[in-house]
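User: I am new to reading protein structures. Could we go through this one step by step?

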Amino acid sequence: EEWKERGAAVGTQRETDASGQTTVRPIKKGVKDFNFGRTLGEGSYSTVLAATDRQNLKEYAIKVLDKRHIIKEKKVKYVNIERDTLNRLTEHPGIVRLYYTFQDERSLYFVLDLASGGELLGVLKKLGSFDIECTRFYGAEILDSVAYMHSRGVIHRDLKPENVLLDSNMHVKITDFGTAKILPDPRPNGRNVTGEPSGDPTDGAETDRAVSFVGTAEYVSPELLRDKNACKASDLWAFGCIIYQLLAGRPPFKAANEYLTFQKILALDYSFPDGFPEDARDLVERLLVLEPSNRLPVEHIKSHRFFDGMQWGKSLWRQKAPRLS
Ligand code: ADE
């Protein structure tokens, strides 16, 4: 198996030899450039470690992936999807940024933004549920991030509170793009001389992926269960589930096992607890809609009364995060 070597050159280094000849060469970061620290998280194919750049002491989270295990379990495609999508999503504060990639004999390394506040799920579990102000703020930051990734042609497909991390100022950083989908370029003949839609290099294998891939049960959209097909609106279904969960303390569709959860989703079998805020209820009801094309689009969500008075755009990310309660 081949691992593409295309880490970005990050600056240059000047070297002058004995004859006075100066050469300028790109610096490629590697394992030796970082001090590795505590474990931040562990997945089936990777471990995320805190690390410090030895040159400037800047802190990162480094995702270390085991090459042998990934090859054996046929996950190479997903690792490439994660790298390719993150490389497309570099201009938004709400998405974990990929700074460098490198490898050694055993592992691949993704150097990412450190999100020291941990998972939104952890904070939610500690508090039970969020008040309206916190739900509006975290909902707005998640939505703004989703709007950006959709504008860049990326569907996340596994949005959930575990994949919403928080930085040191308690602002959102969305992570885990290993199951994302890159949409074909919508520009006419964009970047493709054959006239075929360009884009997702994995399209040929998309059918088997669609069959085998189901995100986390509680947040999976009905179209993914029914047609094995996710679209941008599938992320908005998950967003509706998250808004519900922040206020209610539990996701809308939850049952004893995955099969029963899927049955509830397909039947739109959920209800609101007493005291659930009316504006939020109206928004969730316009997102948890079986037909994806009938879900509220991003721009209408932003102007929904639940988000009345919300400052969108850059000022959302500059404001102080509300005290959690
Ligand atoms: N766990 C997984 N990814 C992380 C990140 N980027 N920062 C902190 N913890 C994490």
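User: In which loop is Met-170 found?

Analyst: This is a predicted model. Met-170 has a positive phi of about 65 degrees although it is not a glycine. Most residues other than glycine have a negative phi. As for its place, Met-170 sits in the loop between strand 10 and strand 11.

User: Is Met-170 buried, exposed or partly exposed?

Analyst: Count the C-beta neighbours inside 10 Å: Met-170 has 19. A buried residue needs 20 or more, and an exposed one has 12 or fewer. Met-170 is therefore partly exposed.

User: What is the phi of Lys-74, and is Lys-74 buried or exposed?

Analyst: Lys-74 lies in the loop between helix 1 (67-72) and helix 2 (76-88). Lys-74 is not a glycine, yet its phi is positive, about 55 degrees. With 10 other C-beta atoms within 10 Å, Lys-74 is exposed.

User: Which strands stand at the edges of the sheet with the order 8-10-11?

Analyst: This is an open sheet of three strands with antiparallel pairing. An edge strand here has a single partner strand, so one side is left without a neighbour in the sheet. That holds for strand 8 (118-119) and strand 11 (172-174).

User: What is the bridge partner of Gly-118 in strand 10?

Analyst: Strand 8 and strand 10 (residues 164-166) run antiparallel. Two bridges join them. For Gly-118, the partner in strand 10 is Leu-166.

User: How many residues does the hairpin between strand 3 and strand 4 run through?

Analyst: Strand 3 (residues 34-42) and strand 4 (residues 46-53) run antiparallel, joined by six bridges. One of the pairs is Phe-34 with Asp-53 in strand 4. The hairpin joins strand 3 to strand 4 through three residues.

User: What is the bridge partner of Tyr-100 in strand 7?

Analyst: Strand 6 (residues 98-103) pairs with strand 7 (residues 107-112) in the antiparallel sense, over five bridges. A hairpin of three residues joins strand 6 to strand 7. In strand 7, Tyr-100 is bridged to Val-111.

User: Which residue does the UniProt annotation "binding site" cover?

Analyst: The annotation comes from an unreviewed UniProt entry. The residue it covers is found in strand 5 (residues 59-66). The residue is Lys-63.

User: Is Lys-63 buried or exposed, and which residues does Lys-63 contact beyond four places in sequence?

Analyst: Lys-63 has 27 C-beta neighbours inside 10 Å, so it counts as buried. Leave aside its neighbours within four places in sequence. The contacts are then Ser-46, Val-48, Phe-110 and Leu-112.

User: Which charged residue is in the shell around the ligand?

Analyst: By class, the shell has eight nonpolar, two polar and one charged residues. Residues around the ligand include Leu-40, Val-48, Ala-61, Leu-112, Asp-113 and Thr-175. Asp counts as charged. The charged residue in the shell is Asp-113.

User: How far apart are the end C-alpha atoms of helix 7?

Analyst: Helix 7 (residues 232-248) has 17 residues. At 1.5 Å a residue, helix 7 should span 24 Å. The value in the model agrees with this: 25 Å.

User: How many residues of helix 7 are buried, and which residue follows helix 7?

Analyst: Helix 7 is largely enclosed by the rest of the structure, because 17 of its 17 residues are buried. The residue after helix 7 has a positive phi, near 85 degrees. That residue is Gly-249.

User: How far apart in space are Glu-285 and Tyr-244?

Analyst: Glu-285 is found in helix 9 (residues 278-287). Glu-285 is partly exposed, with 14 other C-beta atoms within 10 Å. In sequence, Glu-285 and Tyr-244 are 41 residues apart. C-alpha to C-alpha, their separation is 9.8 Å.

User: What distance separates the C-alpha atoms of Leu-288 and Gly-11?

Analyst: Leu-288 lies in the loop between helix 9 and helix 10 (298-302). Leu-288 is buried, with 22 other C-beta atoms within 10 Å. Beyond four places in sequence, the residues it touches include Trp-237 and Tyr-270. Gly-11 is 277 residues away along the chain, and the C-alpha separation is 47 Å.

User: What percentage of the residues in the chain is buried?

Analyst: The chain has 11 helices and 12 strands. Its length is 325 residues. The buried share is 34%.

Key: Residues are numbered from 1 along each chain as its sequence is written. This is a predicted model: local features need pLDDT of at least 70, side-chain atom pairs count only at pLDDT 80 or more; totals for chains, interfaces and linings use all residues. A residue is near a molecule or strand if its C-beta atom, placed from the backbone, lies within 6 Å of it. Two strands pair if DSSP finds at least two bridges between them. Helices (H or I, at least four residues) and strands (E, at least two) are DSSP runs, numbered from the N terminus. The expected span of a helix is 1.5 Å times one less than its number of residues. UniProt positions are given in the numbering used here, feature names are shortened, and annotations may be inferred rather than shown by experiment. Two residues are in contact if their C-beta atoms, placed from the backbone, lie within 7 Å.
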